[in-house]
Amino acid sequence: MSLPGIRAVPTPATILVAVCRKCGKKVGGGFGDDGSKSLAKALVKTLGLPKWKRSPIRIVETGCMKLCPRRAVAVTTSRDPGMIYVVPQETPVIEVAVQLGLAAVSQ
């Protein structure tokens with residue numbers, strides 16, 4: 001039995017990826033073909049994900065994760081909830097996707 005006002009909504013998403021927005025702002029992009037995109041936007045483009053309502057992977061920018069690496073971005077996924085990955089600026093986005101286990105899911 002659910003509480004009044006709380007409802008469950010089905011979604012095709014099976015994986016949630018949280019990218020620290022504060023880290024992304026500090027590095028000023030640094031990802032993608034020309035190095036000007038945020039990691040979240042570069043992941044969406046590289047993986048060729050559909051609109052977020054239909055995507056099997058939800059990539060969201062979050063508040064600070066309190067890790068604050070230098071020249072890198074903190075990322076965590078629902079596939080590996082006990083880990084925060086530190087992704088250095090200018091790392092190829094496809095390598096990030098493979099490391100996070102996202103490349104096979106998006107196909």
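Here are three short exercises on this predicted model, each with a worked solution.

**Exercise 1: the sheet**

Work out the order of the strands in the open sheet, and find which strands lie at its edges.

*Solution.* Start with the order: the four strands run β2-β1-β3-β4, with mixed pairing. Next, look for strands that pair on one side only; these are β2 and β4, the edge strands. From one strand to the next, the twist averages 30°. Now bring in the helix: α2 packs on the sheet and touches β1, β2, β3 and β4. The direction of α2 makes about 165° with that of β2. To finish, zoom in on β1 and β3, which run antiparallel and are joined by three bridges. Here Ala-18 stands opposite Thr-76 in β3.

**Exercise 2: the core**

Find which residues touch the most other members of the largest nonpolar core.

*Solution.* This core has 27 residues, and Leu-39 and Ile-59 touch the most other members. Then ask where the core residues come from: among the elements that each supply at least two are α1 (21-27), α2 (39-47) and α3 (93-100), along with β1 (15-20) and β4 (85-88). Finally, follow Leu-39 outwards: beyond four places in sequence, Leu-39 touches Val-19, Phe-31, Val-73, Val-75, Val-87 and Val-96.

**Exercise 3: a serine in a loop**

Decide whether Ser-55 is buried or exposed, and trace its contacts.

*Solution.* First locate Ser-55, in the loop between α2 and β2. Its relative accessibility is 1%, so Ser-55 counts as buried, the cut-off being under 20%. Next, follow the side chain of Ser-55, which reaches the backbone oxygen of Ile-57 at 2.6 Å. Lastly, setting aside neighbours within four places in sequence, Ser-55 contacts Pro-12, Ala-13, Leu-49 and Pro-50.

Definitions and conventions. Residues numbered from 1 in each chain as written. Predicted model: local features only at pLDDT ≥ 70, side-chain atom pairs only at ≥ 80, totals over all residues. Heavy atoms only, no water. Core = buried A, V, L, I, M, F, W, Y, C linked by side-chain atoms within 4.5 Å. Buried < 20%, exposed > 50% of the residue type's maximum accessible area, 1.4 Å probe, protein only. Contact = heavy atoms within 4.5 Å. Polar contact = N/O pair within 3.5 Å; in protein donor to acceptor, adjacent residues only side chain to side chain. Pairing = 2+ DSSP bridges. Axes fitted to C-alpha atoms, helices over the stretch in contact; angles between N-to-C directions.
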